Amino acid sequence: MEINLEKLAFDIDFHPSDNLVAAALINGDLHLYRYTADSVPVRLLEVHAHTESCRAVRFINGGRALLTGSPDCSIMATDVETGSTIARFDNAHDAAVNRLINLTESTVASGDDEGCIKVWDTRERSCSNSFDVHEDYISDITFASDAMKILATSGDGTLSVCNLRRNKVQAQSEFSEDELLSVVIMKNGRKVVCGSQTGILLLYSWGCFKDCSDRFIDLSPNSIDTMLKLDEDRIITGSENGLINLVGILPNRVIQPIAEHSEYPVERLAFSHDRKFLGSIAHDQMLKLWDLDNILSGSGTTQRNEAGEIDSDNDVMDVDVDSKSNKGNKTKHTSNGHASGGSSNFFADL
C-alpha cells in the first residue's frame with residue numbers, strides 16, 4: 001500500500017487506536033490519512049503547520065491531537081478531528097526541533113539541533129525539565145518507562161541517559177567513531193542498541209553506558225537511520241540503501257532483508273496501533289504501508305499475543321555474547337543537565 005505524499009517526509013506516526021497515520025513534510029505541512037487493508041488510503045487533513053519544514057510528529061492525548069516540531073523552533077498541537085490549531089509555542093527551543101516522543105499519558109519529550117532535550121508536562125502546561133546534554137543534534141529518543149529515564153542519541157557520537165526522577169543527566173557514553181542515529185532498548189531492558197552513520201550497531205549493557213559492550217558490523221557501510229524493536233530478540237532497521245532488514249540481537253545476525261522501500265535512504269519506520277502494518281518513508285516522497293505478517297514470512301514463525309505484539313517462535317538463545325571492541329580512545333564529553341520550570345502556556349488548551 002502506497003501513499004504519494006508529493007513532498008519529502010521527515011517523520012510519520014500512527015494513531016494509538018485507530019487506522020490513521022500522520023506525516024510531517026519538508027514544506028511545513030502535516031498530512032493525516034485513513035487507511036484500510038482493502039482500499040486506497042484517504043487523506044483527511046492537510047495543514048500548513050510550520051513556516052519551515054515539519055521535522056517531527058506524534059499523536060498525543062489518546063490520539064485527539066497531533067504534536068509537530070520544526071526548525072522554526074516551534075511546537076504546535078493540531079486537533080485531529082478539525083485540523084484547527086489547539087495551541088502553539090513559538091519558542092519551544094532555542095534551536096530547530098528535530099525529535100518528539102511520548103513519555104507518559106501527560107508528558108512528551110522534544111530534542112533539538114543543539115543537543116537539548118526538554119520534557120513537557122501537559123497537566124502543568126509547561127516545560128518541566130531541560131537537559132543540555134549533547135553538543136550536536138538529537139537524532140533519536142527512547143524512553144525506559146520503568147526506570148523513568150530518557151535515552152537519546154546524537155550527532156556528536158554519544159548516547160545519553162537522563163533521569164527524570166533525579167532531574168539530571170545520569171550517564172553519557174564516550175564518543176563513538178561516528179554519528180549515532182537511532183536507539184532501541186532490548187532484552188527486557190538489559191541492552192541498548194544504537195545505529196550509526198557507518199552502519200555499525202553498538203550494543204550497551206544497561207548501567208554500563210560509558211563504552212559499548214559489543215559491535216555488529218554486518219550492515220556496514222550503509223547508515224542505520226531508523227530502528228524499531230520487533231520483540232526482545234529482533235529489530236527492524238532502515239538504511240540509507242533503501243533496504244529494511246530484520247536483525248537478530250545476541251546472537252547478532254542479519255536474519256534477512258524484509259522489504260526494499262526504494263533506492264533512497266529510509267528516513268523513518270513506525271508500527272500501526274495493532275502492529276498489522278509497518279510504515280516506512282524515504283527520500284522518494286512515498287509513504288509505504290507493509291503488511292507485517294507478509295514481509296516477515298520466511299523469517300521464522302510469528303504469532304501475536306493478546307496485546308497485538310509479535311511473539312517470536314525462533315530458536316534464539318537469550319545468551320549474552322558480548323565482546324569488547326577495539327575502539328580509539330576519545331575524550332568523554334560531560335555536560336550537566338538542568339531543570340527549568342517553564343511558564344509557557346503551550347498545553348493550556350490540550
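Me: Hello! Which residues form one aromatic cluster with Phe 14?

Reply: Happy to start there, and please keep in mind that this is a predicted model. The cluster has Phe 14 as one of its members. Its other members are Tyr 35 and Phe 277.

Me: How many aromatic pairs does the structure hold, and what is the geometry of the pair of Phe 14 and Tyr 35?

Reply: The structure holds 4 aromatic pairs. For Phe 14 and Tyr 35, the ring centres are 5.7 Å apart and the planes stand at 90 degrees. Planes over 60 degrees apart count as edge-to-face, so the pair of Phe 14 and Tyr 35 is edge-to-face.

Me: Where in the chain do Phe 14 and Tyr 35 lie, and how many residues apart are they?

Reply: Phe 14 belongs to strand 2, residues 9-14. Tyr 35 belongs to strand 4, residues 29-36. The pair links distant parts of the chain, and the separation is 21 residues.

Me: Is Tyr 35 buried or exposed?

Reply: A residue counts as buried under 20% relative accessible area. Tyr 35 has a value of 1%, and its partner Phe 14 has 5%. Both values fall under the cut-off, so Phe 14 is buried, and Tyr 35 is also buried.

Me: What kind of pair do the rings of Trp 206 and Phe 209 form?

Reply: Their centres lie 5.2 Å apart. Their planes make an angle of 80 degrees, so the pair is edge-to-face.

Me: Which relative accessible areas do Trp 206 and Phe 209 have?

Reply: Trp 206 is partly exposed, whereas Phe 209 counts as buried. The values are 28% for Trp 206 and 4% for Phe 209.

Me: Let's turn to charged side chains. How many salt bridges are found in the whole structure, and what is the N to O distance between Glu 2 and Lys 288?

Reply: The search finds 14 salt bridges. One of them joins the side chains of Glu 2 and Lys 288. Their N to O distance is 3.6 Å.

Me: Why does the pair of Glu 2 and Lys 288 tie together parts that are apart in sequence?

Reply: Glu 2 lies in strand 1, residues 2-4. Lys 288 lies in strand 28, residues 286-291, so the two parts tied together are apart in sequence by 286 residues.

Me: Which residue forms a salt bridge with Asp 72, and where does that partner lie?

Reply: The closest N and O atoms of this salt bridge are 3.6 Å apart, and the partner of Asp 72 is Arg 88. Asp 72 sits in the loop between strand 7 (65-69) and strand 8 (75-79). Arg 88 is 16 residues away, in strand 9 (residues 85-89).

Me: Is Asp 72 buried or exposed?

Reply: The cut-off for buried is under 20% relative accessible area. Asp 72 has 16%, whereas Arg 88 is partly exposed at 33%. The value of Asp 72 is under the cut-off, so Asp 72 counts as buried.

Me: Which residues are linked with Asp 11 in a network of salt bridges?

Reply: Asp 140 is one of the residues in this network. The others linked with Asp 11 and Asp 140 are Arg 58, Arg 99 and Arg 268.

Me: Finally, how many helices and strands does the chain have, and what share of its residues counts as buried?

Reply: The chain has 1 helix and 30 strands. Of its 350 residues, the share that counts as buried is 59%.

Definitions and conventions: Residues numbered from 1 in each chain as written. Predicted model: local features only at pLDDT ≥ 70, side-chain atom pairs only at ≥ 80, totals over all residues. Heavy atoms only, no water. Salt bridge = Lys/Arg side-chain N within 4 Å of Asp/Glu carboxyl O. Helix = DSSP H or I, 4+ residues; strand = E, 2+ residues; numbered from the N terminus. Buried < 20%, exposed > 50% of the residue type's maximum accessible area, 1.4 Å probe, protein only. Phe/Tyr/Trp six-rings, centres within 6.5 Å; stacked < 30°, edge-to-face > 60°.
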